[in-house]
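Let's take a friendly look at how strands and helices fit together in one protein. Have the sequence and the 3D view ready as you read.

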Amino acid sequence: MTRMVASSAPGRAAEPTLFGAERRVGVLLPLPLPEPYDYRVPPGMDLAPGDVVAVPLGPRQLAGVVWSHGSGAVDGAKLKPVAHRFDVPPMTEDQRRFIDWVASYTMTPPGQVLRMAISVPAALEPPRPLLAYAAKPDAEPPPGFKMTPQRRRILEIVADGPPRGAADLAEAAACGTGVVRALAEAGMLEPVLLPPTPIGAPDWHRPGPDLSPAQAAAAAALKERLAAGAYATLLLDGVTGSGKTEVYFEAIAAALAAGKQVLVLLPEIALSAQWLERFARRFGAPPAEWHSDLTGAARRDTWRAVADGRARVVVGARSALFLPYRELGLIIVDEEHDGAYKQEEGAIYHARDMAVARAHIGGFPIVLVSATPSLETQVNADSHRYLRVHLPGRHGGAELPDVRLIDLRQDRPPARHWLAPTLRKALAETLAAGEQAMLFLNRRGYAPLTLCRACGHRLQCPNCTAWLVEHRLARKLQCHHCGYSAPMENKCPNCFEEGTMAACGPGVERVAEEVAELFPDARTAIMASDTLFGPRAIQEMVRKVADHELDLLIGTQVMAKGHHFPMLTLVGVVDADLGLAGGDLRAGERTYQLLHQVAGRAGRGERPGVVYLQTYMPEHPVMQALAAGDRDGFYALEAEQRLEAAMPPFGRLAALIVSGEDEGAVDRVAYALGRAAPRSDTVAVLGPAPAPLALLRGRHRRRLLLKAPRGVAVQPLVADWLGRVEVPSSVRVQVDVDPYSFL
Ligand code: ADP
Ligand code: ZN
């Protein structure tokens, strides 16, 4: 890797339309390449930096972006010509500088970052109506037409959603487009011409609600920064229900009025139906959405609408950061502390941190929003690098829930049950009062571990260092890391005894079983990512809870986020200690944030809420802080410990993950990296050591961790380090700058 510094982007003045006497350009391709490739500009073609062009690469033709003047490394006579320029707006200089910056910060080849920005090749072609296929519910297969599993799958997918193009359907069903066409020819699908995805035009003239004095002051602070037209990072800090969303909607309105595009990042857009509805009510039109569940046509249309400026507000998951905005002028990062902002595969980056860089490059403000900011953000706000805007109290005087600890050592659930007597009593009272309750357990399935009572054998994934999780509803065992699944057997695979396999510990399905035993008449449901398929199922569940069609909800993390349930007055956390096990750097912080957020679901309406945390460690600082509602005390303690250990945000980390199928080769590379590690008075390298997930999807994994003082740029150190070690192609070395996962 050669590009390590962030300043390699061309300056603002250098935007010529011709490229030297030789008429050559450097085109960055969406491939893991370290640099742009040179191409010849054919006579009659005029190119400028940012133009999106088609160029030949070997036998293929690829879309790339004109990045530079060309290096001149290749003899002009051997250069291949640019094939043509796409009729799309050029990528702005800010966007190009951002891509270069992300590449150098995360130590990812710039082409790989570019691939996230031009992720929809179809969007580069002129828009044309798309032939799509809709369901034909009553169609009977013609005689002799076999309903293969693939054909059936396509029909199921169509029956369950909007019309989709052949390629889209084929992808969703993991088959070829021929299967779709065969169904259409047999009259089993209805061909339709799809109009372009409508792009909403949010109207900022519409009045918002009357703001409380505190909200109005916060909104004014945001708008003042916006009017200044310069980079600034603001932290909008206030408890759940204080009106943070209402306040940043005001900033969005102001940005729209100023002719800017706005990006709102949400951690999990699939869980954000209520947010979308609220936005549409406030602005009279929906925002453009960007996430992995979009159909191919919506993806194409939205990409283009962002590029040509028709999409004024984009709401999306982290990948929305890389869309080709024309005039981005405000970014909001809601729930900025959320772990979902860290992308752990491919280009490893933290969307919140990259968003701050994007705002810096673009010279506009960014607002980080949270009731429980990350320690990184807290420290930046305390040191006035970020501007803290505080919202005290819940809107309309709703009270914060009363958080109580249940000491499981004293207040014990019956054997093989998981709810303590105190919590059972509270549930009974809540249901009797006609209110709603929620039990939270961040563990899918029935039981996290199955073992043989006769020989002690534990069922483990063959591809991963992980136990198989029993999913009783689906009647199978599953690995939550690689998706491996096996039927649930009655017989031990080790000692062959019958009927000795026993479930250990609870997952949500097991808690649901206990609830059914205790409250057979209550209307209950499980809410977990594997029991709700897709965003629509989640939306429907959220609606049912909001409309009080359910009394008791048992759920994982998917339920903790953002939802507003006015009749929910009791939350029980089945195992508050769960996130503290393993004890990585942020275990305490993350547990605090998650449980605080879960607790925030209670008492959002008129009735006050109560939260019970079941714990074996009631004296733990996380539990004490939650019970006392002492957020700032908790952060102060956490900061003190990190400072003492020189850990982030007071020190810097970079992890190397060495992986491969051949364990010997992986170890050789890991040890070579260990020997070549940069070590000094200030820089330490830990490892190599087997990763906690020493085997993942059949790949052996070793980790090394570089630790440096805060002021040290770790990228040049790591680049130099990697340059000293030979890595065979069978082994991969991934770099994770600012790691959040240590698995
Ligand atoms: P947060 O984002 O801090 O969790 P919200 O913005 O979601 O808070 O506000 C919580 C609830 O209070 C929402 O239902 C919201 O519509 C309502 N609310 C907040 N501020 C106002 C206001 N000024 N006028 C009317 N309703 C408000
Ligand atoms: Zn596995």
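What follows is a short tour of a sheet and of some helix packing in this predicted model.

## The sheet

Start with the open sheet, which has seven strands and parallel pairing. Reading across, the strand order is 11-12-10-13-16-9-17. At the edges sit strand 11 (288-290) and strand 17 (387-391), each pairing on one side only. From one strand to the next, the twist averages 20°.

For a closer look, pick strand 10 (residues 261-265) and strand 12 (residues 313-316): they run parallel and are joined by four bridges. Within this pair, leucine 263 has valine 314 of strand 12 as its bridge partner.

## A helix on the sheet

Which strands does helix 11 touch? Helix 11 (residues 375-382) packs on the sheet and touches strand 9 (232-238), strand 16 (365-370) and strand 17. The direction of helix 11 makes about 105° with that of strand 17.

## Two helices that cross

Now find helix 1 (residues 93-106) and helix 10 (residues 351-362). They pack at an angle of about 140°, and their axes are 10 Å apart. Angles over 145 degrees would count as roughly antiparallel, so helix 1 and helix 10 are oblique to each other. Helix 1 makes a right-handed crossing as it passes helix 10.

Who meets whom here? On the helix 1 side, the residues include Phe98, Trp101 and Val102, and on the helix 10 side they include Met354, Ala357 and Ile361. Sorted by class, this contact of helix 1 with helix 10 has seven nonpolar, three polar and three charged residues.

How values were computed: Residues numbered from 1 in each chain as written. Chains lettered and ligands numbered in written order. Predicted model: local features only at pLDDT ≥ 70, side-chain atom pairs only at ≥ 80, totals over all residues. Heavy atoms only, no water. Pairing = 2+ DSSP bridges. Helix = DSSP H or I, 4+ residues; strand = E, 2+ residues; numbered from the N terminus. Axes fitted to C-alpha atoms, helices over the stretch in contact; angles between N-to-C directions. Contact = heavy atoms within 4.5 Å. Parallel < 35°, antiparallel > 145°, perpendicular 65-115°, else oblique. Left-handed = near helix turned anticlockwise from the far one by under 90°. Nonpolar A, V, L, I, M, F, W, Y, C, P; charged D, E, K, R; others polar.
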